[in-house]
Amino acid sequence: MFNQRLMKEFKENQKYVAGMVVTLWVTLMANVLLIYFAALFMEKMLKGDVILSDGVCLILILAGVWVLRAVMNTLNSRMSFAASSSVKQRLREKIYGKLMDLGASYRESVSSSEAVQISTEGVEQLEIYFGKYVPQFFYSLLAPLTLFVIVGTMTLKVAVVLLICVPLIPLAIVAVQKLAKKMLAKYWGTYTHLGDSFLQCLQGLTTLKIYQADEHYSKKMDQESETFRKVTMRVLIMQLNSISIMDLVAYGGAAAGIILAILECRAANIGLGQCLFIILVSAEFFLPLRLLGSFFHIAMNGNAAANKIFNLLDRPSKVHSGEEKIKGSDIVFDQVSFGYDQEKEVLQKISFSAEDHSFTALVGVSGCGKSTIASLIMGAYSGYTGQICVGGIPIENINEGSLYKKVTRICHDSYVFGGTVEENLRMGNPGAEQEQLYRALKEVDLYETIMEKGGLSMVIEEKAANLSGGQKQRLCLARAILHDSDIYIFDEATSNIDAESENKIMEVVERLAKTKTVILISHRLANVVRADKILVLKEGKITEQGTHRELVNAGGYYSQIFNRQKELENYSGKAVAL
Ligand SMILES: Nc1ncnc2c1ncn2[C@@H]1O[C@H](COP(=O)(O)OP(=O)(O)OP(=O)(O)O)[C@@H](O)[C@H]1O
């Protein structure tokens, strides 16, 4: 019935819940008072004893009850808002904090679209949970007991029958709960899956258009939407059916009480006024629980969402707030093995070191694990064995901020944000002088181009659509230079760009390697010949390492692929990659 964890986490909401229960109870008592006087009035009317003051008295009571109910309703709404808004705000803060804590590795725990869904709609579901369901739950226990005491003073028999029928509603709710649990888990699963597909299609829309695969994907999304529609309809049908069952129980119970009250009246065990009172009040025994039942499906949804939220919040934070100052700038992998799933180890007992101020290259065919090594250095994954140290400190002891200050990764698809050149550059160093920005642009040979197009205030479209591939990469490099970290990882930073940009980037890489620790991942072996150390990766293992000369002299795999690439480049006059 309750999510214990939610209740514990939001203990401070108990005062609002208690306040709402009180307002509901006071409203009930006001209704009972009104019903009591109305019943007396009707009794007098039926007996022909009504006098003017009776009518005036009833109208005054009606007005008083109306005012009291309005006040209670207002108070209830305010407390409901206070309870739910604080829950929503705190949960969102917690989710945001957790995602920040998890850092780059958050995707190990939750997909991006799921993170968005649970922090938006998932959290919204809890509004009704706290604002309506929880207070209604306690009120539903209190109301029948209060009415039992009142009706019991008139006729214990009827009061007992009405009270006995009340638990039939929670029994119906429990039966529905069993059915609903699986259905709601499926509903959420389908919902997040649909969100994933939508995000993916949106991000890859250009690719889909280029390959004219948009129609196929649109049909796929249609099918997924249809599955979601069916699951949603099943949930709605279940909800409607459960409400019908509860109606049947509620009104059936009230009818039993009414029939018994009439029989008691006929047997002269209660007066006509009391009988009328019971007829009018009997539904009130059941209405609170019936309303609870209608909130129930929302509460179940809130429960399912809360479980998802807590699953995320309970993930251990991978980045510890350990050492703030990393003195050294070397990277050491000691017997590191890693797989994205249980089935396949992508890296197998990798050991190497990239010394301070050195140039290390990682080469190997596509899929051999080069980028995985870069991701592990950036702390993106945690489930590896062995040890990875940056500046002599195991990376699990380095907090994310310090790690990102120490290491900069430039990929082939580094992100350029819509905005100005200056805004993008300042991400690397917010406090940089204008002169530093110009110097960085000059270093990557982009100064002239940018100055011609409006200088630092040149507007860059989203994903740098108004820059060429090479210009975009050089802008990313300028941003990285401004970041001025001790370690740089170039992960295919020169792939798919023009030869001029590639040469320029390689010049910068080699220059940086004189004062920084540089790791270069490249398919094009001509780019790695000047590296201090080349690591050759094959199927997740380092099979050869040494300088270019050493590896060529060894006549192994590296030598073969280097010579093959060289021949092809000589023949075609173009750069050739692995
Ligand atoms: N996020 C991921 N989830 C599951 N498997 C992955 C993931 N990223 C990479 N892999 C798999 O891990 C293996 C190594 O991938 P990785 O990207 O490290 O190779 P790579 O050598 O950098 O390849 P490339 O040169 O083509 O970029 C591949 O088999 C790839 O399919």
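## A walk through the chain

Leu 142 sits in helix α4. This is a predicted model, and Leu 142 is a handy place to enter it. Is Leu 142 buried, exposed or partly exposed? With 16 other C-beta atoms within 10 Å, Leu 142 is partly exposed, because the count for a buried residue has to be 20 or more. Setting aside residues up to four places away in sequence, Leu 142 touches Val 21 and Trp 25. Val 22 belongs to the picture too. Its C-alpha atom is 9.9 Å from that of Leu 142, although 120 residues separate the two along the chain.

Stay in the helix a little longer. Pro 144 is also placed in α4, which runs over residues 112-152. Here the count is 23 C-beta neighbours inside 10 Å, so Pro 144 is buried. Its contacts, leaving out residues up to four places away in sequence, are Leu 163, Val 166 and Phe 285. Take Val 166. It is 22 residues from Pro 144 along the chain, and the two C-alpha atoms are separated by 7.6 Å.

Now step back to the whole chain. It has 578 residues, and 37% of them count as buried. Its secondary structure comes to 18 helices and 12 strands. Contacts often bridge long stretches of sequence. Among those between residues at least 6 apart, 77% join residues at least 24 apart.

The UniProt record, an unreviewed entry, annotates "transmembrane region" over residues 16-39, 51-71, 133-152, 158-176 and 243-263. Two of these spans can be compared with the model. Residues 16-39 are 100% helix and 0% strand, and their end C-alpha atoms lie 34 Å apart. Residues 243-263 are likewise 100% helix and 0% strand. There the end C-alpha atoms are 30 Å apart.

Next comes helix α3, residues 52-102. How far does α3 reach from its first C-alpha to its last? The answer is 74 Å for 51 residues, close to the 75 Å expected at 1.5 Å a residue. Part of the helix is buried. Among its buried residues are Met 72, Asn 76, Ala 83, Val 87, Lys 98 and Leu 102. What covers the buried residues of α3 includes α2 (14-47), α4 and α9 (272-313). After α3 comes Gly 103, with a positive phi near 65°.

Positive phi values also turn up in residues other than glycine. Ala 268 is one of these, with phi near 65°. It is placed in the loop between α8 (214-266) and α9. Only 7 other C-beta atoms lie within 10 Å of Ala 268, so it is exposed. Asp 484 is another non-glycine residue with positive phi, near 50°. Its loop joins α15 to β9. Asp 484 has 14 C-beta neighbours inside 10 Å and therefore counts as partly exposed.

Follow the chain on from there to Ser 495. Its loop lies between β9 (487-491) and α16 (499-512). Ser 495 has 18 other C-beta atoms within 10 Å, so this residue is partly exposed. His 412 is 83 residues from Ser 495 in sequence, but 6.3 Å from it in space, C-alpha to C-alpha.

What holds the buried nonpolar residues in groups? The largest nonpolar core has 72 residues. Which of its members touch the most others? They are Ile 377, Leu 477, Ala 478, Val 509, Leu 520 and Ile 534. Helix α15 (residues 469-483) gives the most to this core, with seven residues. Apart from it lies another core, of 65 residues, with Ala 83, Val 134, Trp 188 and Phe 296 among them. Ala 83 has appeared before, as a buried residue of α3.

Ile 534 of the largest core deserves its own look. Not counting residues up to four places away in sequence, its contacts include Ala 361, Val 363, Val 528, Leu 551 and Tyr 558. Gln 545, Gly 546, Thr 547 and His 548 are also on its list.

The last stop is the ligand. Around it are Tyr 340, Val 346, Gly 364, Ser 366, Gly 367, Cys 368, Gly 369, Lys 370, Ser 371 and Thr 372. How many of the shell residues are nonpolar, polar and charged? Three are nonpolar, six are polar and one is charged.

Terms used
Residues are numbered from 1 along each chain as its sequence is written. This is a predicted model: local features need pLDDT of at least 70, side-chain atom pairs count only at pLDDT 80 or more; totals for chains, interfaces and linings use all residues. UniProt positions are given in the numbering used here, feature names are shortened, and annotations may be inferred rather than shown by experiment. Helices (H or I, at least four residues) and strands (E, at least two) are DSSP runs, numbered from the N terminus. A residue is near a molecule or strand if its C-beta atom, placed from the backbone, lies within 6 Å of it. Ala, Val, Leu, Ile, Met, Phe, Trp, Tyr, Cys and Pro count as nonpolar, Asp, Glu, Lys and Arg as charged, and the others, Gly among them, as polar. A nonpolar core is a set of buried Ala, Val, Leu, Ile, Met, Phe, Trp, Tyr and Cys residues joined through C-beta atoms within 7 Å. A residue is buried if 20 or more other C-beta atoms lie within 10 Å of its own, exposed if 12 or fewer, and partly exposed in between; C-beta atoms are placed from the backbone. Two residues are in contact if their C-beta atoms, placed from the backbone, lie within 7 Å. The expected span of a helix is 1.5 Å times one less than its number of residues.
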